[in-house]
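Work through the following exercises on a disulfide and on the pockets of a predicted model. Each task is followed by a solution in steps.

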Amino acid sequence: MARPADFVIAVVLTVGVLVVFWHPHGHAANAILADPVRTPGVLNPDVTQANIRSTICRHGWTDTIRPPTSYTNALKTKQMRQYGEAGSLSDYQEDHLISLELGGNPTDPRNLWPEPYPRASDVDKIENELNSEVCSGQLTLAEAQQREDDLKHTQG
């Protein structure tokens, strides 16, 4: 038969486990939050709601504006130090806060930050879903950009 003390011990142990594994900002494991000061997000002035059919909704368009790896790796090295992140460059993706798929500036450092894998891959899927919603008319470009901004500043 369980004693009251057994119940108290079980509750204390449960709370202890929750404290160890709980993420205070609700961000995912292996994620870092984009710093709103360092990485506020910057839009590409060439992308507007009026021209999404010829820009972000055109297959292959992001390939035409994506910065070279030499640029993003140099920036990733610098920003990893600024963000206090260590490890191999290959453990991170230099990610656009406002993705190219949603009209983010391709090269402005205020729109780029080091996002660790596997979170970076998960977020890439979300970016593609938001792009689909914009291109299908379910969301405006500004609504999708705000959702992406909120996601990366609050969940990584």
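**Exercise 1.** Determine the handedness of the disulfide between Cys57 and Cys135 from the torsion about its S-S bond.

*Solution.* The sulfur atoms of Cys57 and Cys135 lie 2.0 Å apart, which is to be compared with the cut-off of 2.5 Å for a disulfide, and the count comes to one disulfide. The torsion about the S-S bond is about -100 degrees, so the disulfide is left-handed. The pair links distant parts of the chain, 78 residues apart, with Cys57 in the loop between α1 (4-21) and α2 (61-65) and Cys135 in helix α4 (residues 119-135).

**Exercise 2.** Classify Cys57 and Cys135 as buried, partly exposed or exposed.

*Solution.* Buried means under 20% relative accessible area and exposed means over 50%. Cys135 has a relative accessible area of 17%, so Cys135 is buried. For Cys57 the value is 22%, and therefore Cys57 is partly exposed.

**Exercise 3.** Describe the lining of the second largest pocket, and state which elements give two or more residues to that lining.

*Solution.* The second largest pocket, with a volume of about 150 Å³, has both Cys57 and Cys135 among its lining residues, which also include Trp61, Glu101 and Asn131. The elements that give two or more residues are α2 and α4, and the lining divides into four nonpolar, five polar and two charged residues.

**Exercise 4.** Characterise the lining of the largest pocket by residue class.

*Solution.* The largest pocket holds about 300 Å³ of space and is lined by 16 residues, with Arg66, Thr72, Gln93, Glu94 and His96 nearest its centre. Its lining residues divide into three nonpolar, six polar and seven charged, and α3 (69-82), β1 (92-96) and α4 each supply at least two of them.

Key: Residues numbered from 1 in each chain as written. Predicted model: local features only at pLDDT ≥ 70, side-chain atom pairs only at ≥ 80, totals over all residues. Heavy atoms only, no water. Helix = DSSP H or I, 4+ residues; strand = E, 2+ residues; numbered from the N terminus. Buried < 20%, exposed > 50% of the residue type's maximum accessible area, 1.4 Å probe, protein only. 1 Å grid on protein atoms, 1.4 Å probe; cavity = no way out; pocket = protein on both sides within 12 Å on 5 of 7 lines; lining within 4 Å. Points joined across faces, edges and corners; volume = space filled by probe spheres on them. Nonpolar A, V, L, I, M, F, W, Y, C, P; charged D, E, K, R; others polar.
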